[in-house]
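Trainee: I would like to learn how to read the contacts between chains and between domains. Could we work through one case together?

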Protein chains: 2
Amino acid sequence: MKKFVNDPKDFVPEMLKGIALANPDTVKYVPEYNLIMRTDAPRDDKVSIVQGSGSGHEPAHVMAVGKGMLDAACPGDVFSAPPMDYVLETTKLLNSPKGVLHIINNYTGDRMAFDMGREMAEAEGVRIGTVIVDDDVAVKDSTYTVGRRGVAGNFFVIKALGAASEQGAELDDLVALGERVNSVARTMGMALTSCTPPAKGSPLFDLGDDEMEMGVGIHGEPGRRREKLASSNVIVDELLEAVVSDLPFKKGDNVALMINGLGGTPISELYLIYGYAHEQLASRGINVARNYVGEYCTSLDMAGVSITLVKLDDELTSLLEAPAEIPIRVF
Amino acid sequence: MKKFVNDPKDFVPEMLKGIALANPDTVKYVPEYNLIMRTDAPRDDKVSIVQGSGSGHEPAHVMAVGKGMLDAACPGDVFSAPPMDYVLETTKLLNSPKGVLHIINNYTGDRMAFDMGREMAEAEGVRIGTVIVDDDVAVKDSTYTVGRRGVAGNFFVIKALGAASEQGAELDDLVALGERVNSVARTMGMALTSCTPPAKGSPLFDLGDDEMEMGVGIHGEPGRRREKLASSNVIVDELLEAVVSDLPFKKGDNVALMINGLGGTPISELYLIYGYAHEQLASRGINVARNYVGEYCTSLDMAGVSITLVKLDDELTSLLEAPAEIPIRVF
């Protein structure tokens, strides 16, 4: 296994420890519940925003904790939902008079853990709202999902809700805003290679040297179909068409365009993809008003990419522009 | 070849176009000379800072152009030095009354191209200073290098010189500062896998399934030795020992610690490495005052890591803290 790992069972805790050591002023690691939270959370004047999911999608979500983004992330092991009692404890730790908002990507395991954690926390008097993210247009129902999967569009839900919560928005308004952002976000991804979970030690699925998986899920779930490798532009054409036609995005729309690497794809290739995608959208009369090129929601070391479009309006643009600070940074 | 590529000969220009389309307010692409430059360069009140090198190391250096960093980057094709006439034209385009500073990583091809480009530009009246970066402690002399190689420590030279040049520093002072930063920066890297240049279409070198290359170069040059795969902590121990003992870094030193992914290593693994490296330095009495975890200087899709330490003083800390804006960003 060509990975930086010690004992695979320590993979997630060792990563979380590293995040906290690198950002001692802004986040802390709580080993008892395997969580990362802001050092200044919970705050009485702010709804606490929590996301949980399996690990292996970094920087989502444990590196998205900070001012203007998440108040805490509650990760499970690699590709496993967090235990419901950790969801409960995270929710209680983050309890604020203004309530706690759960953002959940639409996977059956995550939803079950959060449903149960929510029920138990509500029984203890915590007020909770829930937003489900399901932006992946590739397939309806999937290996681990009823309905569509939640993938990289999740970043925009977190960013908008994080900004609005800093501005004092109430729980109900945040739920409505989160649903609205999710309703205008669409993503499709594809894989050139499989990925290797540390505890498995070998690729999660097999993909031939001359094959790619169009519409792949971020846990290696099958997509729309497997086909022969194609050039970058051909791949981008198919991803864009699937995403644009789904909402649909129309001539005159202002959009945010995200080119998201799945973990093993160099940033050089992501910018090559961006250039072509930007031009293709322009030729359809769709204006890329904001762009995001890099890794936002990965699948371990998978070589691949997803493309997300979000339809912008003035409110959403302003929330995306608001300042934010998380462990992922250059300087 | 599992890469996002169209015609391999267009790989670099298509990437550069993408960078410029994603950052139209701050950088522009000049196709005639295959360069990326700031939209506001050259400025009369500022030395222009230029770096050139082969491509394939992104974000170095074409995505490091912007306020407080480079004024222009002059890339060659993948793992090839830029042509000397492009160095000349870039230097002329960036000419400022305060002069032009060349930052060059120590590879024979790059030094030749920049030596000749400098000579021709000086003949046309441009005042030029040069800083050579050679922070790699792995080996002295290498496949493409006489002396030590320049690798990820380059980021700190750019950051410090970019900040100082924004504050109006003169050319000679910048040369001295760059040499000083290079003199306190030390790096060593290692590879778990090879990398695949687009034009070659197959791995650059062979590395067995159970092997790793300690001290690898960022073009796949041999390092100190090839050995059996080891756990992350064992790898980090060897890299840290090589780096710490070289300067040497001592008890009581304040340092910047960079954990740099070589292109195919997930950020989860880089943070796992960071946590252990931070603790090991602390146990030696070395204080990590600033940290950098991510991709800064890569080798295409190579899975691997390098560790850089820079000894800090008040001036250098202040230059590293100064604001900067480049295409690589999260929000």
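Mentor: Start with the surface that each copy uses. In this predicted model, 100% of the interface residues of chain A are also interface residues in chain B, so the copies meet through the same surface.

Trainee: How are the two copies placed relative to one another, and by what turn can chain A be laid on chain B?

Mentor: The general idea is that two copies of a chain are related by a rotation about an axis and a shift along it. Here a turn of 180° with a shift of 0.0 Å along the axis lays chain A on chain B, with an RMSD of 0.0 Å. That is the relation of a two-fold axis.

Trainee: Which residue of chain A comes closest to the rotation axis?

Mentor: Gly264(A) does, with its C-alpha at 2.2 Å.

Trainee: How many residues of each chain are in contact, and what area is buried between chain A and chain B?

Mentor: Read the residue count and the area side by side. The contact involves 62 residues of chain A and 64 residues of chain B. The area buried between the two chains is about 5300 Å², and carbon and sulfur atoms give 64% of that. On the chain A side, 19% of the area buried against chain B is supplied by Lys2(A), Phe4(A) and Phe331(A), more than by any other three residues.

Trainee: What does the rule find across this interface in salt bridges and polar contacts?

Mentor: For salt bridges, the rule finds 4 between chain A and chain B. One salt bridge joins the side chains of Lys3(A) and Glu269(B), at 3.2 Å from N to O. For polar contacts, 28 residue pairs are found across the interface of chain A and chain B, counting pairs with both residues at pLDDT 80 or more.

Trainee: Which elements of chain A supply the side that touches chain B?

Mentor: Several helices and strands each supply at least two residues, among them helix 1 (11–22), helix 6 (232–246) and strand 11 (287–294) of chain A. Helix 7 of chain A gives the most, with 10 residues. By class, the residues of the side of chain A that touches chain B divide into 33 nonpolar, 16 polar and 13 charged.

Trainee: Now the inside of one chain. Which domains does the assignment give for chain A?

Mentor: The assignment gives domain 1 (8–183) and domain 2 (186–321). Their C-alpha centres lie 23 Å apart. The contact between them takes 36 residues from domain 1 of chain A and 39 residues from domain 2 of chain A.

Trainee: What area do domain 1 and domain 2 of chain A bury between them, and which residues in domain 1 lose the most?

Mentor: The two domains of chain A bury about 3000 Å² between them, with 65% of it on carbon and sulfur atoms. In domain 1 of chain A, the most area is lost to domain 2 by Phe79(A), Val137(A) and Phe156(A), together 21% of what that side buries.

Trainee: How many salt bridges and polar contacts lie between the domains?

Mentor: The rule finds 3 salt bridges across the interface of domain 1 and domain 2 of chain A. The polar contacts there come to 16 residue pairs, both residues at pLDDT 80 or more. On the domain 1 side, helix 4 and helix 5 (171–183) of chain A are the elements that give two or more residues, and helix 4 gives the most, with 6 residues. That side of domain 1 has 20 nonpolar, 9 polar and 7 charged residues.

Methods: Residues numbered from 1 in each chain as written. Chains lettered and ligands numbered in written order. Predicted model: local features only at pLDDT ≥ 70, side-chain atom pairs only at ≥ 80, totals over all residues. Heavy atoms only, no water. Contact = heavy atoms within 4.5 Å. Buried area = accessible area lost by both parts, 1.4 Å probe. Polar contact = N/O pair within 3.5 Å; in protein donor to acceptor, adjacent residues only side chain to side chain. Helix = DSSP H or I, 4+ residues; strand = E, 2+ residues; numbered from the N terminus. Nonpolar A, V, L, I, M, F, W, Y, C, P; charged D, E, K, R; others polar. Least-squares fit on C-alpha atoms with pLDDT ≥ 70 in both. Domains from an automatic or database assignment.
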